[in-house]
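Subject: Structure for you to look at

Hello,

Here is the structure I said I would pass on. My notes on it follow below.

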Amino acid sequence: MKPFVLRLSLIIFIPLTLSILFLILMPKETAMSKTYEVFGVTIHKNPSKSKLTQLGVSTWPKWEGGPLKIPWSFKEEETMYLLEGKVKVSVEVKGAVGSFEIGGGDLVVFPKGMNITWEVTEPVKKHYSLKKE
Ligand SMILES: *[C@@H]1O[C@H](CO)[C@@H](O)[C@H](O)[C@H]1NC(C)=O
């Protein structure tokens with residue numbers, strides 16, 4: 001092989017190989033994990049296993065519920081981890097109603113004193129933890 005061709009192939013193949021290796025070795029849950037806030041509610045999508053272990057999520061009490069729609073008032077800050085299901089959460093802010101959806105794989109923190117409508121659209125299994133003061 002001519003030196004030029006050799007150099008060119010190195011320029012192409014080394015970064016390509018490194019990129020592929022990075023994609024293979026990168027933990028999948030880190031890649032998909034993200035956190036955002038809506039109406040003061042914090043939603044962590046696909047938190048890492050180590051985060052869940054650190055919080056002790058599997059030792060928290062469990063709640064299960066089929067389709068229902070109820071008004072709910074959070075007397076304490078509540079952190080929940082949804083194992084499965086889907087919930088539409090509606091919030092009234094200054095007379096206007098906004099809503100968002102949470103579901104299986106979400107770690108969600110509702111602030112103390114918040115009023116919502118909790119509408120289970122797909123049967124839910126969750127772990128939850130109340131922050132007592
Ligand atoms: C939530 O509802 C309770 C009881 O109806 C009320 O006392 C409280 O002011 C409400 N909180 C907010 C933030 O709207």
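Buried residues account for 11% of the 133 residues in the protein. Please keep in mind that this is a predicted model.

Overall layout

The protein has three helices and eight strands. Read from the N terminus, the order of the elements is α-α-β-β-α-β-β-β-β-β-β. The radius of gyration is 22 Å, well over the 14 Å that the globule rule gives for 133 residues, so the protein is more spread out than a compact globule. Along the principal axes, the C-alpha atoms fill a box of roughly 75 × 35 × 30 Å. Of the contacts between residues at least 6 apart in sequence, 74% join residues at least 24 apart.

The domain assignment splits the protein into domain 1 (1-28) and domain 2 (33-131). The C-alpha centres of domain 1 and domain 2 are 44 Å apart.

The N-terminal helix

Helix α1 covers residues 3-25, which is 23 residues. From its first C-alpha to its last, α1 reaches 32 Å, close to the 33 Å expected at 1.5 Å a residue. How many of the 23 residues of α1 are buried? The count is zero, and α1 is hardly covered.

The nonpolar core

The largest nonpolar core has 12 residues: V57, M80, Y81, L82, V87, V89, I102, L107, V108, F110, I116 and V124. Two or more of these residues come from each of β5 (77-93), β7 (106-110) and β8 (115-131). Which element gives the largest share of this core? That is β5, with five residues.

V89 belongs to this core. Setting aside neighbours within four places in sequence, V89 is in contact with S99, F100, I102, I116 and W118. Two of those partners, I102 and I116, are also listed in the core.

Strand pairing around β5

Strand β5 pairs with β6, β7 and β8, and I take these in turn.

- β5 and β8 run antiparallel and are joined by 13 bridges. In this pair, M80 stands opposite Y128 of β8. M80 is also one of the core residues.
- β5 and β7 run antiparallel as well, with four bridges between them. Here E78 is opposite F110 in β7, and F110 is another member of the core.
- β5 and β6 (residues 96-103) pair in the antiparallel sense over eight bridges. Within this pair, K88 stands opposite E101 in β6, while V93 stands opposite A96 in β6.

β5 and β6 form a hairpin with two residues between the strands. In that hairpin, K94 takes a positive phi near 50°.

When you open the model, I would suggest looking at β5 and the core first, then at α1. In short, β5 gives five residues to the core and has 13 bridges to β8, whereas α1 has no buried residues.

Regards

Note on methods. Residues numbered from 1 in each chain as written. Predicted model: local features only at pLDDT ≥ 70, side-chain atom pairs only at ≥ 80, totals over all residues. Domains from an automatic or database assignment. Core = buried A, V, L, I, M, F, W, Y, C linked by C-beta atoms within 7 Å. Buried ≥ 20, exposed ≤ 12 C-beta atoms within 10 Å, placed from the backbone. Contact = placed C-beta atoms within 7 Å. Pairing = 2+ DSSP bridges. Rg over C-alpha atoms; globule rule 2.2 N^0.38 Å. Expected span 1.5 Å × (residues − 1).
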